[in-house]
Amino acid sequence: MDGFYLAFGEGLSEEANRMAQALAGLLLKAPPEGLWEAVPAYGTLYLEYDARRLSRKRLLGLVSRLAITLAETGEESRLVEIPVRYDGEDLLEVAGRTGLPLEEVKRLHQAPLYRVYALGFTPGFPFLAPVEPALRLPRRPHPRPRVPAHAVAMAGPQTGIYPLPSPGGWHLLGTALVAVYDPHREEPFLLRPGDRVRFREAEGSTPPEPSPLALLPEEPRITALRVEEPGLLDLVVDGGRFLAGHLGLARSGPLDPYSASLANRLVGNPPGAPLLEVAYRGPVLTALRDLVAAVAGYGLTALLEGEEIPPGQSFFWPRGKTLSFRPKGRGVRVYLAVAGALEGRSFMGSVSPDLRGRIGRPLVAGDVLGLGEERAVRPGLAFRQRPLPETFRLRLLPGPQFSWEARRALISASFRVVRADRMGVELVGPEVPGGEGLSEATPLGGIQVPPSGRPLVLLVDKGSLGGYAKPARVHPGDLWLFGQVWPGVELAFTCDYHREGQHIVPILVWEG
């Protein structure tokens, strides 16, 4: 995995944003093999790619050729009016900090004709600008753990709408009375980049939150497993959802891709075939037909009718027999693969769930899982898993907002994990210099540091855009380890920028 940013301008430049959006649109219309993401923001375009299949030189050459055609294309935009009930939790605080009467805060928020500079952070979240200068306030020092769905908020020159409950550091002004995102609609996204938006004060009821979109077939073609008891978080995942970050959709996929790939390899499946990710506490499953299966990962051991199944080895799972899991050793996540792979419905190219985007859900009791295809495979294949390190030491690379002060803080002492989930790993330890700015794409493994100085390592369910500083990034070869850390564990960072220079995330200023 490699990536870089193209910068077309600074600040709130419509011209730079048009360039970034137009190039992203052309790349996504006919993506070259190996391109993983093309995520535009205010004046930047982040390109993430598989360096084994697509070189940076070739990708930049393609971008240069596409840029020549941009003069021949015009931007299409619409005017969309959004009714807002001004009842936000921070409304009075905003009035007090800006020294403005409450009615003037509301009037100023409705005055501009905003431009949709990007969609991101969560699916369908519109980044709108510019907010009137008299109303601007910096982000909160540390994000709230939960902002309600449809909340209208602002930070600095930006305003936006939270389509779904999520963490967030913006100031809450009110509630949108229309849903800007619903995965059940034929067109899930109400707004598109380049649209113009006007807010209008109104009264009315809050729209309901979208219900999860089912990705597991109600009637599998080839029934394979029945869920007797669910675990803590059991998810059917494949290799992940690529080329959808520009809409705010999460990459998803396995949090520990090394173990997932090993499990699939043991039963003859392709590396990204759908399989089951099991975290912390596993489910109880009954085979509905004879199966060949394998488990790979750490912290849990599989039991077939009470008999322990070694990790890293395929086994025969007879019809009617039950598989369960119990904690054993260090780590928190294992992967269960069955020959023929699990069946799932694809949403924008992947069967993996996006839990924040209400796409898919964890397994519940009574779920019946099917096979993608019947495949004859002999059990007994075994590979030795690489051992989980006694001390978690992760290699660091420079991020887009690199600073030597942040580097020194990150490698000066160990950090303790206080929260670990599919979105990211939050750390406490030495205070790391951070900050905020205009929102831009977030690289997988980026270390985001808000003004509070507490770093957060961004993982597969991260928001696609964010405005906090990212002074460093975890080496792609070490990211799988974050799928096996747990709250309370200590980890340390190390770096050698001279050796790992090929993985630096640069910002290239566009001069074309």
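How much area do domain 1 and domain 3 bury between them? In this predicted model, the two domains bury about 650 Å² between them, and 61% of that area is on carbon and sulfur atoms. The views below start at this contact and then visit a few other spots in the chain.

**View 1. Domain 1 meets domain 3.**
To get your bearings, begin with the domain assignment, which gives domain 1 (2-71), domain 2 (79-201), domain 3 (223-382) and domain 4 (392-509). The C-alpha centres of domain 1 and domain 3 are 35 Å apart. Nine residues from domain 1 and seven residues from domain 3 take part in the contact. Look for L28, W36 and E37: together they supply 67% of the area that domain 1 buries against domain 3, more than any other three residues.

**View 2. Salt bridges and polar contacts between domain 1 and domain 3.**
Two salt bridges are counted between these domains. Find E48 and R251, which form a salt bridge with their closest N and O atoms 2.7 Å apart. There are also four residue pairs in polar contact between domain 1 and domain 3. On the domain 1 side, strand β2 (residues 35-40) gives the most to the surface touching domain 3, with six residues. Sorted by class, that side of domain 1 has seven nonpolar, no polar and two charged residues.

**View 3. S259 and the residues it touches.**
Here we move to helix α5 (residues 257-266), where S259 lies. Is S259 buried or exposed? S259 counts as buried because its relative accessible area is 0%. Leaving aside residues up to four places away in sequence, S259 touches A296, G297, Y298, Y335 and Q484.

**View 4. D50 and R52 form a salt bridge.**
The side chains of these two residues meet with N and O 3.0 Å apart. The partners make a nice contrast to look at. D50 has a relative accessible area of 4%, so D50 is buried. R52, on the other hand, is exposed because its relative accessibility is 75%. For context, a search of the whole structure finds 37 salt bridges.

**View 5. E308 and R326 pair up across the chain.**
Which parts of the chain does this pair link? E308 sits in strand β18 (residues 307-309) and R326 in strand β20 (residues 322-338), so the salt bridge links distant parts of the chain, 18 residues apart. The closest N and O atoms of E308 and R326 are 3.6 Å apart. E308 is partly exposed, with a relative accessible area of 32%. R326 is partly exposed too, at 41%.

**View 6. E405 and R408 share a helix.**
Both residues lie in helix α6 (residues 404-412), three residues apart, which is about one turn of the helix. Their salt bridge has its closest N and O atoms 3.9 Å apart. E405 counts as partly exposed because its relative accessibility is 46%. R408 is also partly exposed, with a relative accessible area of 47%.

**View 7. Four residues join into one salt-bridge network.**
For a last stop, find E33, D50, R52 and R53, which are joined into one network by salt bridges that share partners. You have already met D50 and R52, whose side chains form a salt bridge.

Technical notes: Residues are numbered from 1 along each chain as its sequence is written. This is a predicted model: local features need pLDDT of at least 70, side-chain atom pairs count only at pLDDT 80 or more; totals for chains, interfaces and linings use all residues. Side-chain values use heavy atoms; hydrogens and water are left out. Domain bounds come from an automatic or database domain assignment. Contact means heavy atoms within 4.5 Å. Buried area is the accessible area (1.4 Å probe) that two parts lose on being put together, summed over both. A polar contact is a pair of N or O atoms within 3.5 Å; within protein, one must be able to donate a hydrogen and the other to accept it, and residues adjacent in sequence count only if both atoms are side-chain atoms. Helices (H or I, at least four residues) and strands (E, at least two) are DSSP runs, numbered from the N terminus. Ala, Val, Leu, Ile, Met, Phe, Trp, Tyr, Cys and Pro count as nonpolar, Asp, Glu, Lys and Arg as charged, and the others, Gly among them, as polar. Buried means under 20% relative accessible area, exposed over 50%, partly exposed in between (1.4 Å probe, protein chains only).
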